[in-house]
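Open the model in your viewer and keep the selection tool ready. This tour goes stop by stop.

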Amino acid sequence: MKKNWNIFTVLLLFPFSPLAAGDIAKGEKIFKKCKSCHMIVDDSGRTIVKGGRNGPNLYGILGRTAGSIDGFKYGKSLATLGKSGFVWSEYEFVAYLADPKKYLVDKLDDKKARSKMSYKLKNEADALNIWAYLESVSK
């Protein structure tokens, strides 16, 4: 039993396979599609990527509570998700990008849930690459 517990502990420390890691350079290139709605601005106000303001700033999204940027008007469903204590992880981010509306419907168990994000990114590798890029610029 102790041996199984040790294996479980090690697996928790490494939740994602190195093979699943995204490519930062590819993510930066793919993010050019995202910047029509999203910017990346660090906590000091330095602009990393100048982008639109229809979507929230994606700086520091790793571990951030959904719908939590002060001054940004989130859709009702995403705000509700955030109030539940939901935080963004690589897994959740990739799942969200595949189909934002369906993701919120499933997460909130609410058929009326909606997302302001109309873009879907069905390619999981592209979503992983964007996550890797966002993670790299948020350090």
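## Stop 1: helix H3

Select helix H3, residues 76-83, in this predicted model. Its buried residues are Ser 77, Leu 78, Leu 81 and Gly 82. These residues lie on the same side of H3, because they cover an arc of only 140° around the axis. Now turn to the other side of H3. Lys 76 and Lys 83 are exposed there.

What covers the buried residues of H3? Show helix H4 (90-98) and helix H5 (100-108): both are included in that cover. Then step past the end of the helix. H3 is followed by Gly 85, which has a positive phi, near 95°.

## Stop 2: the nonpolar core

Keep Leu 78 selected and widen the view. Leu 78 is among the residues with the most contacts inside the largest nonpolar core. The others in that group are Phe 31, Ile 40, Trp 88, Phe 93, Ile 130 and Leu 134. The core has 31 residues in total.

Colour the elements that give two or more residues to this core: helix H2 (24-34), H3, H4, H5 and helix H6 (124-137). Which of them gives the largest share? It is H6, with seven residues. As a general point, nonpolar side chains in soluble globular proteins tend to be buried together.

## Stop 3: Trp 88

Select Trp 88 and display its contacts, leaving aside neighbours within four places in sequence. One stretch to look for includes Ile 61, Leu 62, Gly 63, Arg 64 and Ala 66. Leu 78, from the first stop, is in contact with Trp 88 too. So are Phe 93, Tyr 96 and Trp 131.

## Stop 4: two cysteines

Select Cys 34 and Cys 37. How many disulfides does the structure hold? Zero. The sulfur of Cys 34 has its closest cysteine sulfur in Cys 37, at 8.7 Å, so the two are too far apart for a bond. Cys 34 is buried, with a relative accessible area of 16%. Cys 37 is partly exposed, at 31% relative accessibility.

## Stop 5: salt bridges

Side chains of opposite charge can pair when their charged atoms come close. The structure holds four salt bridges. Visit three of them.

Begin with Arg 46 and Asp 42. Their closest N and O atoms are 3.1 Å apart. Asp 42 counts as buried, at 12% relative accessibility.

Next, select Asp 99 and Lys 120. Their salt bridge has its closest N and O atoms 3.6 Å apart. This pair links distant parts of the chain, 21 residues apart. Asp 99 is in the loop between H4 and H5, while Lys 120 is in the loop between H5 and H6. Is each partner buried or partly exposed? Asp 99 is buried, at 16% relative accessibility. Lys 120 is partly exposed, at 42%.

Finish on helix H5 with Asp 106 and Lys 102. Their side chains meet in a salt bridge at 2.8 Å, N to O. The two are separated by about one helical turn, because they sit four residues apart in H5. Asp 106 is partly exposed, with a relative accessible area of 49%. Lys 102 is also partly exposed, at 46%.

Note on methods. Residues numbered from 1 in each chain as written. Predicted model: local features only at pLDDT ≥ 70, side-chain atom pairs only at ≥ 80, totals over all residues. Heavy atoms only, no water. Buried < 20%, exposed > 50% of the residue type's maximum accessible area, 1.4 Å probe, protein only. Arc of directions from axis to C-beta. Contact = heavy atoms within 4.5 Å. Core = buried A, V, L, I, M, F, W, Y, C linked by side-chain atoms within 4.5 Å. Disulfide = S-S within 2.5 Å.
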